[in-house]
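Student: I should like to learn how to read the features of a model such as this one. Could we take them one by one?

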Amino acid sequence: MSMGADNAGLRVAVIGMGQRSAIARHVADATATDPALAARVVAVADVTAAGRERGHAEYPDAVVVGHHRDLTGHVDAAIVTTPDWTHAEIAIDLLRAGIAVYLEKPLAITVEDADAVLNTAAETGTPLYVGHNFRHAAVVRLMREVIARGEIGEVKAVWCRHFVGNGGDYYFKDWHADRTKVNSLLLQKASHDLDVIHALGGGDTARVVGMGSLSVYGEVTDRRDRSGELMGDWFSHDNWPPLAQTGLNPVVDVEDVSMVMMTLDNGVQASYEQCHFTPDYWRNYTVIGTEGRLENIGDTGGGVVKVWTHRRGWDTAGDREYPIDGVEDGHADADLLTMTEFLRSVALGEPAELSPIAARAAVAAGALATRSLRTGSVPIDVPPLPAETIAHFTHPTTTHPAQTVGS
């Protein structure tokens, strides 16, 4: 294989041409909208023939290979959108090869693997970025602005309810339903919200306890292997009610309803609830401070964030209401911001808003909540990262990691 190094900008690879690989399209969008960037997808790696076919179709000018190790020496950065259980191994290989990594969330499916990735990044100095795009969602940015202005005083509690109305189609018809490949949907699905809870609460989970069960989808007996298919091949809002779903993954052993209680390291109390068989699909945050509370109604453009700052009885209006900007469905706007931040961090050495330490904190909360709920709901304390790893991400030693891009 020969891609040919040149001075035309950052050479990017896409690893894994599944459903989430669409985020790599924002490489071109970021380059088109940001005059400081010059990046292009020059390679695709996928272990499946179907994935390689999608790679040829999506990026006809790119080299398509069967394994991520074939990329060493030919690209500057890689966007990893492979299934969750492969994240740690692929990221570690790339980091050791000196390839900057955009790693789709979750960082890993266990605390141990997450720590191995971060420790490798610290040892090698290779840039690592984890795609927690929801930090850039308009609803999250708006809530953080309200908190930063002091409108609700000092934050003391954060609650999140996630109604995953598309859960049956999104997570129970392929590998996401198998705990050996995903561990828990408190990682694959909840890592966004756990990360946002940490951002809103101003701290990371120190102690966690979980409860949950496989309440509905375990009763569905219609199962089949969907190898070669993507979620878009079977998704339909007509797949309702949940017990009428068909074609579930042969293995279904992850929880479809879960609850998590957290104490953050700054004393803030937090909770997270997730249900995969609701009729509606959105997430609702409530943040309570010493002088009021906020709550989002809707989580995309067209929704609102309401703020209550005076005593009264039941009142849905609140004292102030702020419109949520951004797209009205999905998260394309947050994806573009996320990809732009990654590319600028690699090409220009700019610090990214989201530290990999924050991504590890989300994994720790989700993985240890899962361990708790599967072992009698015992409280579990989050173990610390090595001091040298924390120091690396807190005080980076390299300020321009892409000085040799294209050389």
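**Reading salt bridges, burial and sheets**

Tutor: We may begin with one pair of charged side chains: Asp178 and Lys181 form a salt bridge, at 3.6 Å from N to O. Please keep in mind throughout that this is a predicted model.

Student: What is the cut-off for a salt bridge?

Tutor: A side-chain nitrogen of Lys or Arg must lie within 4 Å of a carboxyl oxygen of Asp or Glu. Asp178 and Lys181, at 3.6 Å, are such a pair. One network is also built from salt bridges with shared partners, and its members are Arg179, Asp253, Glu255 and Arg374.

Student: Are the two partners, Asp178 and Lys181, buried or partly exposed?

Tutor: The cut-off for buried is under 20% relative accessible area, and partly exposed lies between that and the exposed class, which is over 50%. Asp178 has a relative accessible area of 9% and is therefore buried. Lys181, at 28%, is partly exposed.

Student: How many salt bridges does the structure hold?

Tutor: The structure holds 28 salt bridges. One of them joins Glu104 to Arg20, with the closest N and O atoms 2.7 Å apart. Glu104 belongs to strand β5, while Arg20 sits in the loop between β1 and α1, so this pair ties together parts that lie 84 residues apart in sequence.

Student: How is each of these two residues classed, Glu104 and Arg20?

Tutor: Glu104 counts as buried because its relative accessibility is 6%. Arg20 has a relative accessible area of 22% and is partly exposed.

Student: Which side chain meets Arg360 in a salt bridge?

Tutor: That of Asp115, at 2.7 Å from N to O. This pair links distant parts of the chain, 245 residues apart: Arg360 is in helix α11 (residues 356–373) and Asp115 in helix α4 (residues 111–124). Arg360 is buried, with a relative accessible area of 6%, and Asp115 is buried too, at 13%.

Student: Let us turn to sheets. How do strands of a sheet pair?

Tutor: The strands of a sheet pair through backbone hydrogen bonds, and the sense may be parallel or antiparallel. In this model, an open sheet of 6 strands shows parallel pairing, in the order β3-β2-β1-β4-β5-β6. Its edge strands, each paired on one side only, are β3 (63–65) and β6 (128–131). From one strand to the next the twist averages 25°.

Student: Which residues are bridge partners between β4 and β5?

Tutor: One such pair is Ala77 with Ala100 in β5. Strand β4 (residues 77–80) and strand β5 (residues 100–104) pair in the parallel sense over 4 bridges.

Student: Where does helix α1 lie with respect to the strands?

Tutor: Helix α1 (residues 26–33) lies across β1 (10–15), β2 (39–45) and β4, and runs at about 170° to β2.

Student: What is the sense of pairing between β8 and β9?

Tutor: Strand β8 (residues 205–213) and strand β9 (residues 257–264) pair in the antiparallel sense, over 8 bridges. Thr205, for example, stands opposite Leu264 in β9. Strand β8 also runs antiparallel to strand β15 (residues 380–381), to which 2 bridges join it. In β15, Ile380 is the bridge partner of Val208.

Student: How should I read the cover of a helix?

Tutor: The general idea is that an α-helix has 3.6 residues a turn, so residues three or four places apart point the same way. In helix α9 (residues 191–201), 11 of its 11 residues are buried, and the helix is mostly covered. Among them are His192, Asp193, Leu194, Asp195 and His198. Just after α9, Gly202 takes a positive phi of about 75°.

Student: Finally, how many helices and strands does the protein have, and how is its overall form described?

Tutor: The secondary structure comes to 12 helices and 15 strands. The radius of gyration is 21 Å, close to the 22 Å that the globule rule gives for 407 residues, so the protein is as compact as a globular protein of that length. The C-alpha trace spans about 70 × 50 × 40 Å along its principal axes.

Student: What share of the residues is buried, and what share of contacts joins residues at least 24 apart?

Tutor: Buried residues make up 54% of the 407. Among contacts between residues at least 6 apart in sequence, 75% join residues at least 24 apart. The protein exposes about 17000 Å², of which carbon and sulfur atoms supply 53%.

Conventions: Residues are numbered from 1 along each chain as its sequence is written. This is a predicted model: local features need pLDDT of at least 70, side-chain atom pairs count only at pLDDT 80 or more; totals for chains, interfaces and linings use all residues. Side-chain values use heavy atoms; hydrogens and water are left out. Two strands pair if DSSP finds at least two bridges between them. Axes are lines fitted to C-alpha atoms, for helices over the stretch in contact, and angles run from 0 to 180 degrees between N-to-C directions. Contact means heavy atoms within 4.5 Å. The radius of gyration is taken over C-alpha atoms; the globule rule is 2.2 Å times the number of residues to the power 0.38. Buried means under 20% relative accessible area, exposed over 50%, partly exposed in between (1.4 Å probe, protein chains only). Accessible areas come from the Shrake-Rupley method with a 1.4 Å probe; for residues, only the protein chains shown count as cover.
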